[in-house]
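Me: I am new to this structure and would like to get to know it step by step. Could you walk me through a few of its features?

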Amino acid sequence: SSSSSSSSSSSSFETSAPKEGSPRTRYVQVHGTENTGKISAFAAFQPGIARVFEVLFEQDDATPEFYLSNAPQFVGVSFADAWRMLPRATLCGVSHADGSVTLAPDDAYVIRADDEVVLLAESSSVDITPVDDAVTPRKGSERYYMKALSEYTDADRGPKKILFAGYNDETLLAVKLAQDMAPNGSQITILAETIPADEFEQLRSTPNCKLRVVKGVPSSHEHLKSVPVSTQDSVVIMPAKDLGSKAEEDATVLATILQTYANCELRRSRAPDPSAPEYRNPRIVATLNTDSARSIAELMGTVDTAHVAEIPDVIMSDDLIGGVLLQVAANPRLASLFDALLATEGHECYIRDADLYGGADTRASTNVGTSDTSENSKGLDVSGKGLDADLADAGAVRWGVVCERARERDELAMGVMRADGEMVISPAKDATFVFEEGDRIIVLADSL
């Protein structure tokens, strides 16, 4: 990669308007309900991811947004250099002339004249500066550090038990996506009163994920007990759409949450050690329509403070679809980007334990000074989640360094989700972070 001082000249560009000659009327398909179902599947494996999609999909002046633009400054430049040239924005990928989108392409990819860059930025005007190794380390500089961390894996990656409580027009797609994502040995159960015959025929186990269907009412205490709901890792509540009104849909969801927690409490009351991890509440993923229902659902998740690890992941379907439509109306080219973020192929959005990127070293109790983390580093040793003092730099880490570490994992870092749910989207490359236990990195990656 090329290198230069940050004091060198810089330039900027603004997102471009549609090219001259483009048709005045353009029809774009936005997969609203499909995306809601896909987010439900992602959330079943990753608590908190629904909130990430909410921030990315809904237009909000307080957070960075996606922009697409022709950037002549990047034509002929490798992706490895291009993402380093944006000190206060995140280069997420490229949109090709045929309308397809590639997220987190290989660093060797050279941006073409007919490509549009996909940016996550605070405004449409973005500064471009020469590559500065003092802010974002050169390509490969974090390779040995990441190899030393490779023995540390996310402890929550084993087989999963997931219950889909209810069935609607989003469930089939959500179940299929969940099967694709599920670790080997996982099991998915569908508890529903009725399933359309043509869709029932498509429900099949896969080599890595067993699927079973149980007939019953999702909000029934006894039917949930028969699953049993209390042994599930996640419960995805998908109410039927023929209940008469959105208020009745929300009431059914809240009743299912209440009965799920009641089943869990009943099981704990009979356990020799109710505080054991196996008796914790399952993660709840719920699609709701009103803010009042959301408040009630989140309040339910705070009642049992001894066992609940997360407030329910709530997906506000109408708000989500409305946010996407608003952004696509302003720039129709964003439609394919939103589809790509939830695609089953290529890179899509995930959240990872910050310790996978050296987070434990940032909270080291003593300052061990600055050490060489280049490719010439020797004597690597792994101790717990972090590295020993011969390799690790204790204390805050620059976001540009985290970005380079993510690239070593064939990922692209987009932001931080703190343990308390606070998010920092597309930080500046020179911003520094100390990661606490439970903090996570928002990335584009090719698998769970």
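Me: Leaving aside neighbours within four places in sequence, which residues is Leu243 in contact with?
Reply: Happy to start there, with a word on the model: it is predicted, so local features need pLDDT of at least 70 and side-chain atom pairs pLDDT 80 or more, while totals for chains, interfaces and linings use all residues. Residues are numbered from 1 along each chain as its sequence is written, and side-chain values use heavy atoms, without hydrogens and water. Leu243 has its place in the loop between β10 (234-237) and α8 (246-269), where helices (H or I, at least four residues) and strands (E, at least two) are DSSP runs numbered from the N terminus. Counting heavy atoms within 4.5 Å as contact, the partners of Leu243 beyond its sequence neighbours are Glu248, Glu249 and Thr252.

Me: Is Leu243 buried, partly exposed or exposed?
Reply: Buried means under 20% relative accessible area and exposed means over 50%, with partly exposed in between (1.4 Å probe, protein chains only). Leu243 has a relative accessibility of 27%, so Leu243 counts as partly exposed.

Me: How many of the residues of helix α5 are buried?
Reply: Helix α5 covers residues 171-181. Among its buried residues are Thr171, Leu172, Ala174 and Val175. The helix is largely enclosed by the rest of the structure, because the buried residues number eight of the 11.

Me: Which residues touch the most other members of the largest nonpolar core?
Reply: A nonpolar core is a set of buried Ala, Val, Leu, Ile, Met, Phe, Trp, Tyr and Cys residues joined through side-chain atoms within 4.5 Å. The largest one here has 98 residues, and its largest share, seven residues, comes from α2. Phe164 touches several residues of α5, including Thr171, Ala174 and Val175. The members that touch the most others are Phe57, Phe66, Phe164 and Ile441.

Me: What kind of aromatic pair do Phe57 and Phe338 form?
Reply: Rings of Phe, Tyr and Trp (its six-membered ring) pair if their centres lie within 6.5 Å; planes under 30 degrees apart count as stacked, over 60 as edge-to-face and the rest as tilted. There are seven aromatic pairs in the structure. The rings of Phe57 and Phe338 have centres 4.9 Å apart and planes at 65°, so this pair is edge-to-face.

Me: Where in the chain do these two partners, Phe57 and Phe338, lie?
Reply: Both Phe57 and Phe338 are buried, and they belong to a cluster of ring pairs with Phe42, Phe53, Phe66 and Tyr350. They come from distant parts of the chain, 281 residues apart. Phe57 is in helix α2 (residues 49-57) and Phe338 in helix α11 (residues 334-341).

Me: How many bridges join strand β17 to strand β20?
Reply: Six of the six residues of β17 (residues 412-417) are buried. Two strands pair if DSSP finds at least two bridges between them. Strand β17 pairs with β18 (residues 423-425) in the antiparallel sense, and also runs antiparallel to β20 (residues 440-445), where Gly415 stands opposite Ile442. The bridges between β17 and β20 number five.

Me: Which residue takes a positive phi in the hairpin of β17 and β18?
Reply: In the pairing of these strands, Val416 stands opposite Val424 in β18. The hairpin has five residues between its strands, and the one with a positive phi, near 95°, is Gly421.

Me: How far apart in sequence are the parts tied together by Arg84 and Glu404?
Reply: A salt bridge is a side-chain nitrogen of Lys or Arg within 4 Å of a carboxyl oxygen of Asp or Glu, and the structure has 18 salt bridges. In this one, the N to O distance is 2.3 Å. Because Arg84 lies in helix α3 (residues 79-84) and Glu404 in helix α13 (residues 399-408), the parts they tie together are apart in sequence by 320 residues.

Me: Over which ring does the charged end of Arg405 sit?
Reply: Arg405 also meets Glu142 in a salt bridge (2.9 Å, N to O), and both Glu142 and Arg405 are buried. A charge sits over a ring if NZ of Lys or CZ of Arg is within 6 Å of the ring centre and within 35 degrees of the ring normal. For Arg405 the distance to the centre is 3.9 Å, and the ring is that of Tyr145.
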